[in-house]
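Notebook open, coffee poured. I want to look up the enclosed space first, then the open space, then a sheet.

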Amino acid sequence: SIHKVGTMASLGDTDGVERRSMADHVVMPGLINTHNHISSFGMRAMQDWRGFPGGAAMYAGLRVLDGEGGYLGSAVGLLEQLQGGITTCKALEAGTDELMLGCLNASEESGARVAIARYGMDAADNAAPNLIVPEDVRDTVDGAIQSLDFLRSKVTSPLVSVSPDAFSVMRVSKEMMLALHAYAVKHDLRFGMHAGATENEQKECLAQNGMRIVPYLDDLGVLNPRLLIGHGSWFDQEESALVAKRGAAISHCSVNNGGRSLVKEWLDLGIKVGIGTDGPTSNNSQDIWEVAKFAIFNQRIRHRGWGNAETALELLTIRGAEAIGMADRIGSLEAGKAADLICIDTIRPTLSPTTSLLNNLIYAHDRSAVRHVMVDGAMVINDGQHRSFDSRKLCRDLSKWAERAQTKSGLLQHYKSSSPFRY
């Protein structure tokens, strides 16, 4: 943990402690990605494949994701995030135990702080076809609980945890939702779900349950401080106020939400809000600096002049830590907290002049300027290189796996045939 924070001169006797000069560098808390899907990096961009509905593409990918794909995708995804300054990732994942174990193993080897949320999905009778979960990838309540028990028994790193999530309001039955929430309560774990991401989801919830999403969650008894909501961009004012009243948190995925943003309203209400890149199949990039920039600029469409670089940096660090329930351990550089920190080279065109450094970090930043990354006191990225991952080999192996898996699923043929380019 961090012993003391200050200038070298103020730290006093540091005999026996390795000293390292960080002249011309910013040293700041590690960034916190509050919403991601690391196991699907082998299917990057699949929801942007023309004419292939997003839901159908997701399930086509899930059918071919195996242990190897889960490991390689998670390793590459976490490597990309670490090299950009993300030290903590909330990873929402689904699939077979083999796939999930690959994700877990990569998480532990990465050295990142990873909160894996194994989500269940079982909606079978939805009136909206794109919200139905196909039978061959549908969970049972007992199966989801058994998978959680299995994965939690395999965790060996104090940096990695496994908790339950429901996939989304309309892709999960009431029985599944309540069982997963009860599991979280029993084991004192966090709970989460996608909610309010689309207008269609709101309409379906109203049609099937006679109420909008947030009142429905409240009626079920799962809207509480344990809950982290992914998206929430289609909540109305009454829903946002109810989220605040119940103490739930929200992960704002500004790039994937297409400009719909309620961050100002949520912060004004006192809601705990963090930033999420979302996964590689929808946002594609894992540049969380870019996502924070979007979060500020999207708000200015409705609230001219609102927000600044300091707001964005708080969302990336301490507010993100609050949203995922880890503010007592991470999110700021304070004595007693974990030594999760990043070092940024400021002698870069994108960060010059340094007189406007805070603004440059958010509005002009090149994430390759992140040179060193420390997680829990261990140097995981040193001068841009991971301590153990062979980046080039991982990327080549993932591409080989993806070509096989995407061909098997039919996604690769569709992608190539739908493009006017040949390569």
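Entry one, the cavity. I split the lining of the largest cavity by residue type and got four nonpolar, four polar and two charged residues. Keep in mind that I'm working on a predicted model here. The residues on the list are Thr34, His35, Lys90, Leu92, Asp165, Gly192, Met193, Leu228, Ile229 and Gly230. The volume of this largest cavity comes out at about 40 Å³. I also checked how many cavities reach 30 Å³ or more, and the count is one.

Which strands supply at least two residues each to that lining? I found β2 (31-36), β3 (86-93), β6 (191-195) and β7 (227-231). β7 has the largest share, with three residues.

Entry two, the pocket. The largest pocket holds about 1,000 Å³ of space. I noted 25 lining residues, and Lys4, Met8, Leu11, Glu18 and Leu341 are the ones nearest its centre. By type, the pocket lining has 13 nonpolar, seven polar and five charged residues.

Entry three, the sheet. I traced an open sheet of five strands, in the order β1-β10-β11-β12-β13, and the pairing is antiparallel. Its edge strands are β1 (25-29) and β13 (385-386), each of which pairs on one side only.

I then picked out one pair inside the sheet. β10 (residues 341-345) and β11 (residues 370-375) run antiparallel and are joined by four bridges. What stands opposite Ile344 in β11? I looked, and Val370 is the residue facing Ile344 there.

Methods: Residues numbered from 1 in each chain as written. Predicted model: local features only at pLDDT ≥ 70, side-chain atom pairs only at ≥ 80, totals over all residues. Heavy atoms only, no water. Pairing = 2+ DSSP bridges. 1 Å grid on protein atoms, 1.4 Å probe; cavity = no way out; pocket = protein on both sides within 12 Å on 5 of 7 lines; lining within 4 Å. Points joined across faces, edges and corners; volume = space filled by probe spheres on them. Nonpolar A, V, L, I, M, F, W, Y, C, P; charged D, E, K, R; others polar.
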